[in-house]
Amino acid sequence: MNMENGRAQFPFPYQPYDIQEQFMQALYSVLEQGKVGIFESPTGTGKSLSLICGALSWLTDHEEKSRQKAAALLHEGQLVLSTSAAPSSTTSYSAEPDWITDFVQKKAERDLVSKLKEEELKRKKREERLEMIRNNVQLKYAMKRKSSDDEEAFKLLKLSKEEDTETQGDQEDEEFIVAEYESDDESKTRTRFCGADDDTDDELVEEHVNKIYYCSRTHSQLAQFVHEVQKSPFSKEISLVTLGSRQNLCINEEVRRLGSSQRINDRCMEMQKNKHGEKPHNEERVKRKRGPAKSVCPYNKASALQHMRDNVLGTVHDIEQMLKLGRETHSCPYYAARLAVPPAQLVVLPYQMLLHEATRRAAGVKLKGQVVIIDEAHNLSDTLSCIHSAEVTGAQLCRAYSQLAQYGDRYKSRLKAKNVMYIKQILFVMEGLVRALGGKVGQNPQSQTTLTGTELHTINNFLFKAQIDNINLFKLQRYFEKSMISRKLGGFVEKYAGSGVSVHTPSRTNKENRRTEGLNRYLQTLQSTQINAPVPPVDQQGSEAEKVLATSPMMQVEGFFMALTNSNTDGRVLVHKQGTLSESSIKFLLLNPAVHFAQVLKQCRAVVIAGGTMQPVSDFKQELLLSAGVGEERITEFSCGHVIPPENILPLVLCSGPSGQELDFTYQNRDSPRMMDETGRILSNVCNMVPGGVVCFFPSYEYSRRIVSHWEASGALTRLANKKKIFQEPKKSNQVEQVLNEFSRCIQRSAVDAGGLTGALLFSVVGGKMSEGINFSDDLGRCVVMVGMPYPNIKSPELQEKMSYLDKHLPHSGGRSPGQALIENLCMKAVNQSIGRAIRHRGDYSCIVMCDRRYSRPATLAKLPTWIRNRTSTHTTFGPAFAALRKFFLEKKHKQA
């Protein structure tokens with residue numbers, strides 16, 4: 001039974017909680033009315049299932065309505081055509097005779113009817129085909145003759161818009177020469193692969209059906225979501241595809257072992273090119289004098305890809321299952337997934353693929369009129385800023401300049417005039433950028449000294465300072481895209497490195513120094529979770545052979561050029577001089593993420609922004625939605641409490657410790673021995689009382705290191721270790737799993753063994769590897785301790801610039817400037833993420849101890865999630881707080897007994 005903008009019931013694998021029902025109702029009406037919804041549902045309340053069942057219920061209803069509407073129109077059109085044989089009775093005062101008007105009208109009606117019939121036919125074909133796949137019938141095209149493979153794959157590759165345009169002929173190095181640059185080339189190519197085709201199966205490939213795009217931050221979160229879909233009532237009838245980078249989806253071991261994302265991309269592209277470059281003239285292999293035979297990818301066969309695509313559409317697969325299927329069927333999961341996008345109803349993909357326009361285009365993602373769900377969206381504005389910011393070092397600029405100059409010299413007689421002109425312009429701009437860093441392009445960047453310091457410029461001022469304000473960067477950007485010069489340059493360097501073409505090797509820049517805490521903390525998680533931003537940094541080290549294989553630094557430069565085409569007010573350029581030219585860098589900071597998000601909001605039918613903790617929502621709404629031109633009336637907010645009973649959570653704010661020392665972890669006070677000793681005493685008391693696991697979050701890695709070494713010297717650490725085994729968050733992300741497993745095993749062992757250790761204590765860092773996406777459910781996290789408030793580094797020039805930008809462009813509210821609110825919000829978002837780790841399901845219980853008197857301020861308490869805030873008690877002295885903690889755990893113990 002359907003209601004207006006709603007639904008009475010939703011299919012669900014079990015009896016949903018009331019808040020899940022409300023969530024699905026609210027979601028359904030947001031999608032039906034084409035709104036922008038901000039949905040907050042704490043982890044442990046079944047948010048993923050609510051999203052799946054609510055959104056897919058809407059999609060099925062919407063499809064059914066569209067079908068009925070089309071059928072009614074078709075019926076009406078046929079009726080009109082059959083009855084309008086009678087002469088028209090209306091008197092026409094127009095210049096044309098009646099029969100002409102009549103003819104025009106009939107033609108329009110006939111056209112509409114045939115269009116509707118055609119659409120109906122396509123839809124039926126699609127449904128029949130899916131039915132056949134699901135019944136595992138051997139499909140006709142899986143048996144297509146091998147001879148048609150190449151043409152089919154050619155179409156597929158063209159569709160993914162990533163093929164190098166290569167002129168025929170077997171001259172040496174033909175593949176490195178930039179094709180004659182004509183801006184209208186595209187239209188000629190388009191007719192070649194989108195022209196009329198008698199095989200209707202291929203038309204099905206083209207057409208995008210109504211779909212939902214679901215995106216999240218990490219691949220493990222996407223995999224969890226796919227597993228929830230597999231458990232849902234829709235698992236048998238929905239066609240789903242997961243997209244990922246080549247690094248995640250490639251099954252060709254020879255390519256995979258190249259490691260870096262950029263090198264995998266380049267190698268894959270080269271193999272596609274070899275496949276299409278060699279087929280038309282096989283005799284070339286005989287004529288070629290130098291170099292080994294070009295390799296092609298054995299997994300990229302059209303019939304196998306189509307077969308795999310149908311398998312993926314027929315049954316819901318996560319990335320691991322897709323890789324397994326790819327290996328079994330010898331077909332490439334990366335290209336099969338792209339082929340599956342148009343007919344899929346649910347497309348699951350990482351943030352970048354959806355939020356970055358060029359990546360979106362390359363992946364074949366079309367947003368017009370579709371629904372987008374962005375999950376884990378608490379850091380959405382940081383994410384957008386990160387994805388669209390770009391950085392280039394002096395070493396990369398000098399190296400790219402040297403390579404491009406040598407390329408231009410070697411091929412100057414074979415390049416067309418237009419290409420020579422653009423190459424000269426690119427060289428001119430790079431020279432200007434190096435000049436802005438205080439260096440010269442022709443010399444070794446490592447031996448050139450520069451003054452140290454940081455300068456901030458608007459884009460226009462920077463272009464003027466670098467003396468490149470007379471160059472049209474939009475035209476250069478278009479040239480980069482169309483000519484694929486970066487890729488060709490990469491191929492050229494790879495071939496000739498060691499034979500007269502010098503490759504400036506970049507020195508390894510210290511990434512840690514360049515990261516800013518807080519504002520772009522997301523960047524660290526991005527690197528640790530291996531989802532790659534469109535232009536990942538080149539990280540070059542190791543053997544000489546690896547250096548020869550180095551990807552072209554021109555990719556990095558191209559990303560930076562692209563960033564400079566942003567509007568003058570939306571970003572800033574940070575010139576960071578580090579003593580030597582090679583270590584110095586120029587960074588583009590995006591200050592207004594709304595400009596890029598606006599495209600998504602404008603194209604989509606509806607956008608849903610969801611998260612476990614979306615508090616504080618106000619800044620998010622102002623910065624991303626209202627600034628992007630979304631009217632207040634189009635925004636719907638939904639926030640629900642937790643499913644746990646209120647007595648299962650005990651949040652405490654401590655203003656002072658056991659010896660009466662006031663807890664004030666401001667930058668000035670936190671290093672005092674008194675403060676560190678008091679923190680040790682608090683933890684000692686907590687560990688005496690709390691069973692199982694205690695997770696303690698520090699504001700930064702540096703502070704964590706200092707306080708732990710202080711405790712080591714004072715003996716406090718030994719006292720803690722007598723009660724609980726101590727674990728520390730590892731520096732490397734690949735060790736996280738191991739530490740968590742040992743932490744978990746230790747807690748399980750101590751639950752069984754009476755006496756001795758009562759569990760384990762984990763030292764972690766806010767915004768680190770343990771504070772997001774990891775569950776400390778049940779005994780793993782019976783207590784979470786927050787030491788101090790994790791404010792971002794206020795001295796960072798990036799953060800200062802962002803604050804002054806917000807102060808200038810956003811309205812002031814509640815007597816605070818938007819810049820101050822940003823600092824406060826960044827801090828509290830990080831706190832909310834960390835304390836949200838402890839409660840993961842209805843029967844879970846946990847205590848949250850916030851150590852810092854500043855947590856007791858009403859404005860700070862107001863930024864905690866409602867379900868935690870309502871239960872929080874503030875204690876000026878330690879005694880009553882410890883009594884409450886003791887009572888909480890004794891009650892739980894009695895209950896279990």
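This report describes a parallel sheet, a buried serine and several salt bridges in a predicted model.

**The sheet and a helix across it**

Seven strands make up an open sheet, and following the sheet from one side to the other gives the order S16-S17-S15-S18-S19-S14-S20, with parallel pairing. Because strand S16 (724-728) and strand S20 (873-875) stand at the edges and have a single partner strand each, one side of each is left without a neighbour in the sheet. From one strand to the next, the twist averages 20°. In general, the strands of a sheet pair through backbone hydrogen bonds, either parallel or antiparallel.

One pairing within this sheet joins strand S18 (residues 783-787) to strand S19 (residues 846-851), which run in the parallel sense and are paired over 5 bridges; here methionine 786 stands opposite methionine 850 in S19. Helix H29 (residues 673-689) lies across several strands, among them S14 (649-654), S15 (692-698) and S17 (759-765), and the helix runs at about 175° to S18.

**Serine 216**

Elsewhere in the chain, serine 216 has its place in strand S4 (residues 212-216). Its relative accessible area is 0%, and serine 216 therefore counts as buried, the cut-off for that word being under 20%. The side chain of serine 216 makes a polar contact, at 3.2 Å, with the side chain of glutamine 221. When neighbours within four places in sequence are left aside, the residues in contact with serine 216 include Leu222, Leu349, Tyr351 and Asp375.

**Salt bridges**

The structure holds 23 salt bridges, and the table lists some of them.

| Basic residue | Acidic residue | N to O distance |
|---|---|---|
| Lysine 465 | Glutamate 455 | 3.6 Å |
| Arginine 705 | Glutamate 702 | 2.6 Å |
| Arginine 854 | Aspartate 852 | 2.8 Å |

Lysine 465 lies in helix H20 (residues 459-465) and glutamate 455 in strand S9 (residues 449-458), so this pair ties together parts that are 10 residues apart in sequence. Lysine 465 is partly exposed, at 35% relative accessibility, and glutamate 455 is also partly exposed, at 26%.

Arginine 705 and glutamate 702, by contrast, both lie in helix H30 (residues 701-714), where they are 3 residues apart, which is about one turn of the helix. Glutamate 702 is partly exposed, with a relative accessible area of 36%. These two residues also belong to a network of salt bridges that links Asp671, Glu702, Arg705 and Arg706. In the remaining pair of the table, aspartate 852 and arginine 854 are both buried.

Key:
Residues are numbered from 1 along each chain as its sequence is written. This is a predicted model: local features need pLDDT of at least 70, side-chain atom pairs count only at pLDDT 80 or more; totals for chains, interfaces and linings use all residues. Side-chain values use heavy atoms; hydrogens and water are left out. Two strands pair if DSSP finds at least two bridges between them. Helices (H or I, at least four residues) and strands (E, at least two) are DSSP runs, numbered from the N terminus. Axes are lines fitted to C-alpha atoms, for helices over the stretch in contact, and angles run from 0 to 180 degrees between N-to-C directions. Contact means heavy atoms within 4.5 Å. Buried means under 20% relative accessible area, exposed over 50%, partly exposed in between (1.4 Å probe, protein chains only). A polar contact is a pair of N or O atoms within 3.5 Å; within protein, one must be able to donate a hydrogen and the other to accept it, and residues adjacent in sequence count only if both atoms are side-chain atoms. A salt bridge is a side-chain nitrogen of Lys or Arg within 4 Å of a carboxyl oxygen of Asp or Glu.
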